[in-house]
Amino acid sequence: MYEDEFIQDFARSIFVGMTPKRLPNERPKTFSVKVIKSPAPDSYMLPGGTLLLTTGLFSTLDSEEELKALVASEIGHFVLDHALQNVMKAETRARRSEFWGAVAAAAVEATEIYLIENHKNYVPGLTTLGATVVAVMVNEKIARRMGMVYTPKQQEKADRLAEDFLRYENIPQGALHSALSKIKDYYVVNRDYLALSRGGNFEDLDKRISRATPPEKELYSRNFSKFMSGVTTFNAIIQVNSEKFAEATRLANKNIEQNFATWEDYLVLAQATMGLYNDDESNMRTLELLEKTKQMCEVPVMSAVKQEALLMLRMNKQAQATAILRNYLELLDEAKQNCISSNEGDWIVGEINWTTKLLDRITLF
């Protein structure tokens with residue numbers, strides 16, 4: 001889960017303001033919402049009453065109204081018992097033990113946890129976005145077994161219910177259309193058509209957009225974007241460490257263009273630029289971004305120092321690279337003295353060994 005109390009509370013405040021206050025006796029009375037670390041925009045309403053939202057959804061949308069529209073559609077599936085209906089249909093096609101055995105098998109098969117080491121953005125003494133990013137998503141097989149892969153008719157009903165709710169709450173019409181369109185744009189840009197629906201039906205999303213009421217004007221809230229800028233930075237770090245440099249660039253630039261950028265956004269942009277290009281103009285641009293990173297942070301940004309050394313070597317400036325690497329060693333030695341955890345200590349030792357070996361290679365005659 002994404003461990004940011006403000007973002008969790010923001011999502012919870014949206015969710016609890018929209019959930020039904022009364023349900024039949026056999027239905028769960030407790031609703032909850034969780035934010036998952038994943039740069040892909042998506043939302044899932046589990047049959048038990050838990051709503052899952054991804055960090056990518058917050059970075060993709062630009063207004064609270066769009067978020068409410070998507071949440072309303074997910075709640076619509078829950079209120080209309082779509083998951084329960086789908087499970088019951090599946091059980092009629094298979095014996096009960098076989099069905100639930102397949103659920104367990106799908107869960108074991110699909111629970112793949114990807115650990116992304118975030119050492120590039122490590123700064124001793126600062127609470128950063130975390131050394132490890134865990135991206136765990138509800139797999140399509142699990143979603144299908146739990147009845148969460150909806151039929152086109154069910155999706156239409158849930159979307160219609162969502163738009164009715166938006167009208168009742170005097171929320172600008174077009175919020176659902178706008179949100180779905182931005183989600184589609186994300187997947188088109190990232191060439192991930194299969195992820196547009198859990199079963200890979202690209203046409204269904206287009207149909208949902210065509211049925212939804214178009215917005216009269218672009219939906220954008222500066223406050224929403226400001227509150228979500230940290231999430232956008234977080235997703236940018238995931239993308240650059242996954243070597244998805246174009247998407248990392250887009251996310252970092254989104255914060256920069258809106259004047260919400262931190263030093264981490266400029267560092268991500270520098271890393272992504274080096275990942276995408278290697279020419280004189282791009283290298284000079286990277287150098288400027290690294291300088292901006294160091295200017296914006298009150299303490300030495302070790303990852304920026306290391307990145308600058310690599311840039312100098314790429315530009316065949318070995319003398320400058322040597323001086324920067326020696327400065328990097330000094331920073332590592334200082335960090336080692338203030339080390340507070342074994343993980344940090346292991347990382348520092350590894351970096352010291354790497355830097356020492358690289359300096360030996362550079363200074364060979």
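A residue is called buried here when its relative accessible area is under 20%, and exposed when that value is over 50%. In this predicted model, E308 has a relative accessibility of 11%, and therefore counts as buried. The residue belongs to helix α15, which spans residues 302–314, and, once neighbours within four places in sequence are set aside, E308 is in contact with L287, L290, E291, K294 and I324.

The same cut-off can be applied to a serine in another helix. S178 lies in helix α8, formed by residues 175–189, and because its relative accessibility is 8%, S178 is likewise classed as buried. Beyond residues up to four places away in sequence, S178 touches E66, P215 and L219. A further relation links S178 with E65: although 113 residues separate the two in sequence, their C-alpha atoms are 9.5 Å apart in space.

From the helices we turn to the strands, where β3, made up of residues 50–54, is mostly covered, with four of its five residues buried. Strand β3 pairs with β1 (residues 32–36) in the parallel sense, over five bridges, and within this pairing V33 has L51 of β3 as its bridge partner. Strand β2 (residues 43–45), by contrast, runs antiparallel to β3 and is joined to it by three bridges, with S43 bridged to L53 of β3. Strands β2 and β3 form a hairpin with four residues between them, and in this hairpin G49 adopts a positive phi near 105°.

How values were computed: Residues are numbered from 1 along each chain as its sequence is written. This is a predicted model: local features need pLDDT of at least 70, side-chain atom pairs count only at pLDDT 80 or more; totals for chains, interfaces and linings use all residues. Side-chain values use heavy atoms; hydrogens and water are left out. Helices (H or I, at least four residues) and strands (E, at least two) are DSSP runs, numbered from the N terminus. Buried means under 20% relative accessible area, exposed over 50%, partly exposed in between (1.4 Å probe, protein chains only). Contact means heavy atoms within 4.5 Å. Two strands pair if DSSP finds at least two bridges between them.
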